[in-house]
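Dear colleague,

Please find the structure below, which I am handing over for your consideration. A short account of the findings comes after it.

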Amino acid sequence: MRVVHSALEMQAIANKYREWGKRIGFVPTMGYLHEGHLSLVRRAKEDNDVVFVSIFVNPLQFAPNEDLDRYPRDIERDEALLEGEGVDFVFYPSVEDMYPDGFQTYVEVDKLTRVLEGKSRPTHFRGVTTVVAKLFNITKPHRAYFGKKDAQQLIVIKRMVKDLNMDIEIVGMPIVRESDGLALSSRNKYLNEEERRQAVCLYRALLRAKELIENGEKDAQAIKNEMERVIKEYPLARIDYISVNSLSSLEPINEVKDGDTLVSLAVFLGSTRLIDNMWF
Ligand code: AMP
């Protein structure tokens, strides 16, 4: 496994693999890797001839009041994990290399980014789509892998790829969870012991939604009310939003529609903001 710091060098390597007719699989991450990330890497290994993983904590997708400075990092551990998975190249650029002086070009997906996470974090997706577009141009993948954990991100990236005619297959992967159901996230590290125990409330609320939907409940408000009731059983939890949306348009919906429903929520445990979702 090789660790590449320079975008130019990474691009030259990608060009070589393309010349040789190799299929490139790409997994973008912000590092501090866990089994969720590794599930993407394993799938990329299965599907492609060569796998590139990027590790880059992208300042552009953090608002000034967010956790950029304290976002957890452990590059040595990450490298060891990726080496263990048989990854070929890790792209680990500096902020200066990604955003040199004079940088002023952004990629923006419009309507899909105004709801849900985009409402709570208005500058977030512009940062995500800009960095992912750059990473795609640098690593030139045939396929790129994203987790359903960040459902809106996956949907926004798919839209960007379609709208900008990027010749890349976007693969969405299932959410990997702890044994109690908490979705794995690098941010789980911020939780203290009691917050960690109560963080299961997101999954519990989603399970309740699932149960209701499987029993024929269609009314989005009834589902949200029940989810709110579940969350309120956990005193450390503070709801940011609970939402039922169309998976295709991300517009809020009043009625569950089979195959086109995203139930999602964002909840603070202390000062840590966690998100989770289920697709129906
Ligand atoms: P991040 O490092 O948080 O930017 O995540 C990098 C990629 O891993 C994104 O596509 C995430 O959706 C995905 N990911 C993060 N957590 C999970 C999880 N628990 N299960 C599946 N994929 C995940």
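The following paragraphs describe the two domains and the interface between them.

Please note that this is a predicted model, in which local features need pLDDT of at least 70 and side-chain atom pairs count only at pLDDT 80 or more, while totals for chains, interfaces and linings use all residues. Residues are numbered from 1 along each chain as its sequence is written, and side-chain values use heavy atoms, with hydrogens and water left out.

The chain is assigned domain 1 (2–173) and domain 2 (186–279); such bounds come from an automatic or database domain assignment. The centres of the two domains, taken over C-alpha atoms, lie 26 Å apart. Domain 1 contributes 22 residues to the contact and domain 2 contributes 20 (heavy atoms within 4.5 Å). Together they bury about 1,900 Å², of which 56% is on carbon and sulfur atoms (accessible area, 1.4 Å probe, that two parts lose on being put together, summed over both).

Two salt bridges are counted between the domains (a side-chain nitrogen of Lys or Arg within 4 Å of a carboxyl oxygen of Asp or Glu). Arg187 forms a salt bridge with Asp67, with the closest N and O atoms 2.7 Å apart.

On the side of domain 1 that touches domain 2, helix H5 (117–120) and helix H7 (151–163) each supply at least two residues (helices are DSSP runs of H or I, at least four residues, numbered from the N terminus). The largest share of that side, four residues, comes from H7.

Yours sincerely
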